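Biologist: Could you walk me through this model? I'd like to go one question at a time.

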Amino acid sequence: MAIKTLGAKAAAALDQELMSTCAFSIDQLMELAGLSVSQAVYRVHPLNKGRRVLVACGPGNNGGDGLVAARHLFYYGYQPSIFYPKRSKNELYQRLAKQLEDLEVPFVDDFQMALGQTDHIVDAIFGFSFSGEVREPFPAVIKALQETQLSVTSVDAPSSWDIENGPPSSGLGSAFMPTTLVSLTAPKPLVKHFKGRHFIGGRYASPCHTSTLD
């Protein structure tokens with residue numbers, strides 16, 4: 001059975017419609033997304049495999065999803081830590097970060113060192129709006145993700161992958177294949193290149209939105 005996918009422009013348009021016509025707030029959508037990521041981690045990396053989870057967050061919505069997921073993982077009994085080198089000044093992201101700080105979830109500065117002290121990684125760096133080159137300070141992080149032997153769960157897209165065309169043909173990110181992918185709302189075209197365990201969750205569209213899918 002062919003998998004229906006949602007391209008970057010259609011995914012952005014659907015989010016806008018959910019926040020306008022359907023009256024969802026971005027807070028609600030991010031909470032649903034982060035919750036679904038935490039549930040996927042619980043499925044693929046149960047507590048008995050190790051409680052330490054390193055969540056790598058980018059500056060945008062994908063990073064916000066990661067912050068929400070970390071909060072839920074904390075309440076499940078995990079010991080999350082957060083790598084969040086480019087904090088957004090947006091009030092929503094600041095509130096999400098403070099919620100974690102109030103729980104005394106540690107924020108780490110050295111990603112490579114943190115890798116040696118974790119059992120699982122959540123890749124919440126870049127989402128469906130990513131394009132172009134990976135900018136500092138993330139090239140070293142992507143390199144570490146593609147070289148680690150630890151299991152990795154990516155949020156909506158493996159970071160550094162092109163949403164339409166998948167992994168780069170060469171260079172940084174070309175060898176990055178996460179263990180798990182959590183597609184939000186619907187799979188993106190890159191999913192045809194993905195070889196791991198795949199979940200769909202986060203934002204639930206009504207039947208009238210299914211025509212948006214390719």
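Modeller: Happy to! Setting aside neighbours within four places in sequence, Asp119 is in contact with His45, Lys49, Gly50, Arg51, Arg52, Leu150 and Ser151. Please keep in mind that this is a predicted model.

Biologist: Is Asp119 buried or exposed?

Modeller: Asp119 is found in the loop between helix H5 (111-115) and strand E4 (120-124). Its relative accessible area is 18%, and the cut-off for buried is under 20%. Asp119 therefore counts as buried.

Biologist: Which residue has its backbone nitrogen 3.4 Å from a polar atom of the Asp119 side chain?

Modeller: The contacts of Asp119 include His45, Lys49 and Gly50. The backbone nitrogen that lies 3.4 Å from a polar atom of its side chain, though, belongs to Arg51.

Biologist: Where does UniProt place the feature "binding site"?

Modeller: That label comes from an unreviewed UniProt entry. The positions it gives are Asn62, Asp123 and Ser159.

Biologist: Why can those positions be said to gather at one spot?

Modeller: In sequence they span 98 residues. In space, however, no two of their C-alpha atoms are more than 9.9 Å apart, so they gather at one spot. The value to remember is 9.9 Å.

Biologist: What is the relative accessibility of Asp123?

Modeller: Asp123 has its place in strand E4. Not counting residues up to four places away in sequence, it touches Asn62 and Ser159, among others including Ala56, Leu145 and Phe176. Asp123 counts as buried, and its relative accessibility is 0%.

Biologist: Which backbone nitrogen lies 3.4 Å from a polar atom of the Asp123 side chain?

Modeller: Here the partner is in the backbone, while Asp123 contributes a polar atom of its side chain. At 3.4 Å, the nitrogen is that of Ile125.

Biologist: Which backbone nitrogen does the side chain of Ser159 reach?

Modeller: Ser159 is found in the loop between strand E5 (151-155) and strand E6 (180-184), and it is buried with a relative accessible area of 0%. Beyond four places in sequence, Ser159 touches Asp123, Ile125, Phe126, Ile142 and Phe176. At 3.0 Å, its side chain reaches the backbone nitrogen of Phe126.

Biologist: Which strands stand at the edges of the sheet?

Modeller: The open sheet is formed by 7 strands in the order E3-E2-E1-E4-E5-E6-E7, with parallel pairing. A strand at the edge has a single partner strand, so one side of it is left without a neighbour in the sheet. The edge strands are E3 (107-108) and E7 (197-201).

Biologist: What is the bridge partner of Val55 in E2?

Modeller: Strand E1 (residues 52-57) pairs with strand E2 (residues 79-83) in the parallel sense over 5 bridges. In E2, the bridge partner of Val55 is Ile82.

Biologist: How far apart are the end C-alpha atoms of helix H2?

Modeller: Helix H2 (residues 26-44) has 19 residues, and at 1.5 Å a residue they should span 27 Å. The model agrees with that expectation: the end C-alpha atoms are 27 Å apart.

Biologist: How many residues of H3 are buried?

Modeller: Helix H3 (residues 61-76) has 16 residues and reaches 23 Å from its first C-alpha to its last, close to the 22 Å expected. Its buried residues include Asn62, Leu67 and His72. H3 is largely enclosed by the rest of the structure, because the number of its residues that are buried is 12.

Biologist: Which residues does His72 touch?

Modeller: His72 is found in helix H3 and is buried, with a relative accessible area of 15%. Not counting residues up to four places away in sequence, His72 touches Glu31, Gly34, Leu35 and Ser38.

Biologist: Which element supplies the largest share of the largest nonpolar core?

Modeller: That core has 28 residues, of which Val55, Leu67, Ile82, Leu96 and Val122 touch the most other members. H2, E1, H3, helix H4 (91-102), E4 and E6 each supply at least two residues of this core. The largest share, 6 residues, comes from H2.

Biologist: How many residues are in the second, separate core?

Modeller: Among its members are Ala157, Ile163, Leu181 and Phe194. The size of this second core is 26 residues.

Definitions and conventions
Residues numbered from 1 in each chain as written. Predicted model: local features only at pLDDT ≥ 70, side-chain atom pairs only at ≥ 80, totals over all residues. Heavy atoms only, no water. Helix = DSSP H or I, 4+ residues; strand = E, 2+ residues; numbered from the N terminus. Expected span 1.5 Å × (residues − 1). Pairing = 2+ DSSP bridges. Buried < 20%, exposed > 50% of the residue type's maximum accessible area, 1.4 Å probe, protein only. Polar contact = N/O pair within 3.5 Å; in protein donor to acceptor, adjacent residues only side chain to side chain. Contact = heavy atoms within 4.5 Å. UniProt positions renumbered as here; feature names shortened; annotations may be inferred. Core = buried A, V, L, I, M, F, W, Y, C linked by side-chain atoms within 4.5 Å.
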